[in-house]
Amino acid sequence: MSESEWTKGSLNDATAMSHDVLGKGFLFGEQFPGEKFKDFGVNVRVVEPGQPTALYHAESAEEAFLVLAGECLAIVDDDEVTLRQWDYLHCPPGTAHVLVGAGDGPCGILMIGGRGGERGVRYPVNEKAARYGASVETEADNFEDAWKQRGLKVEFEQTPLPWPL
């Protein structure tokens, strides 16, 4: 394989994308999800207490989350589960979820999700996620409508990833 077909990434001195509402994320060789890796996505997200990683959503692909540092709250379907360092969460396809920073400081989360095929994302309304500004007001079936409802802009700044936490 040529170097252009494989990617090496490191969290040491990583440059992340920062969003004022959704925290910081290092996408391992991509500037935007799906830019390079077509079958799966992998990133490390860092969020502060009360800060969601995304809007509450359900994807047609499975996703997995490993808390690397700190603590977060997982809102999965209509349950709330606290996750701490080294806790793992698996969401089968169609599972509505969002992770929100919790505890006394930042939370680092390794996120891996499937891509490809007929990738669909649904943004259902969820009362618990709404407490953190992470729910749409009316169900949406695409990223643009969901973000527009929440007044979110697709504006990211490059920033150092605060790693290790």
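A residue is termed partly exposed when its relative accessible area falls between the buried limit of under 20% and the exposed limit of over 50%, and by this criterion F156, with a relative accessible area of 33%, is partly exposed. The structure described here is a predicted model, and the aromatic residues around F156 serve as a starting point for its description.

F156 belongs to one aromatic cluster together with F143 and W147. Within this cluster, the rings of W147 and F156 have their centres 6.4 Å apart, and because their planes stand at 50°, the pair is classed as tilted. F143 and W147 likewise form a tilted pair, with 4.7 Å from centre to centre and 45° between the planes. Both of these residues are found in helix α2 (residues 143–150), where four residues, or about one turn of the helix, set them apart. The cluster includes residues of unlike accessibility: W147 is buried, with a relative accessible area of 7%, whereas F143, at 32% relative accessibility, counts as partly exposed. The count of aromatic pairs comes to three.

In the strand region, β1 (residues 15–19) and β2 (residues 23–26) pair in the antiparallel sense over three bridges, and a hairpin of three residues provides the connection from β1 to β2. In this pairing M17 is placed opposite G25 of β2. Strand β2 also pairs with β3 in the antiparallel sense, again over three bridges, and here K24 is found opposite V46 of β3. V46 is in turn included, with A14, F26 and V44, in a nonpolar core of 10 residues that is separate from the largest one.

The largest nonpolar core comprises 13 residues, of which F65, C72, L83, L89, L99 and I109 have the most contacts inside it. Two or more residues are given to this core by each of the elements β5 (63–69), β6 (71–76), β8 (88–91) and β10 (107–114). In soluble globular proteins, nonpolar side chains tend to be buried together. L83, which is located in strand β7 (residues 79–84), counts as buried because its relative accessibility of 5% falls under the 20% limit. When neighbours within four places in sequence are left aside, the contacts of L83 are with V67, G70, E71, C72, A74, L89 and L99. The C-alpha atoms of L83 and K24 are separated by 19 Å, the two residues being 59 residues apart along the chain. L99, for its part, touches F65, C72, L83, L89 and I109, among others, when residues up to four places away in sequence are not counted.

The contacts of L99 also include Q51, a residue of the loop between β3 (40–47) and β4 (58–59). With a relative accessibility of 16%, Q51 counts as buried. A polar atom of the Q51 side chain lies 3.3 Å from the backbone oxygen of V21. Residues up to four places away in sequence being excluded, Q51 touches H19, D20, V21, L22 and G23, as well as V46, L99, V100 and G101.

The cysteine residues were examined for possible bonding, and the search of the whole structure finds zero disulfides. For C72, which is in no disulfide, the nearest cysteine sulfur is that of C107, at a distance of 4.2 Å. C72 is buried, with a relative accessible area of 0%. The sulfur of C91 has its closest cysteine sulfur in C72, but the separation of 11 Å is too far for a bond. C91 is also buried, with a relative accessible area of 1%.

C91 is one of the residues in contact with E63, the others being H57, L89, H90, H97, I112 and G113 once neighbours within four places in sequence are left aside. E63 lies in strand β5 and is buried, its relative accessible area being 12%. The side chain of E63 makes a polar contact of 2.9 Å with the side chain of H97.

Terms used
Residues are numbered from 1 along each chain as its sequence is written. This is a predicted model: local features need pLDDT of at least 70, side-chain atom pairs count only at pLDDT 80 or more; totals for chains, interfaces and linings use all residues. Side-chain values use heavy atoms; hydrogens and water are left out. Buried means under 20% relative accessible area, exposed over 50%, partly exposed in between (1.4 Å probe, protein chains only). A polar contact is a pair of N or O atoms within 3.5 Å; within protein, one must be able to donate a hydrogen and the other to accept it, and residues adjacent in sequence count only if both atoms are side-chain atoms. Contact means heavy atoms within 4.5 Å. Rings of Phe, Tyr and Trp (its six-membered ring) pair if their centres lie within 6.5 Å; planes under 30 degrees apart count as stacked, over 60 as edge-to-face and the rest as tilted. A nonpolar core is a set of buried Ala, Val, Leu, Ile, Met, Phe, Trp, Tyr and Cys residues joined through side-chain atoms within 4.5 Å. Two strands pair if DSSP finds at least two bridges between them. A disulfide is a pair of cysteine sulfur atoms within 2.5 Å.
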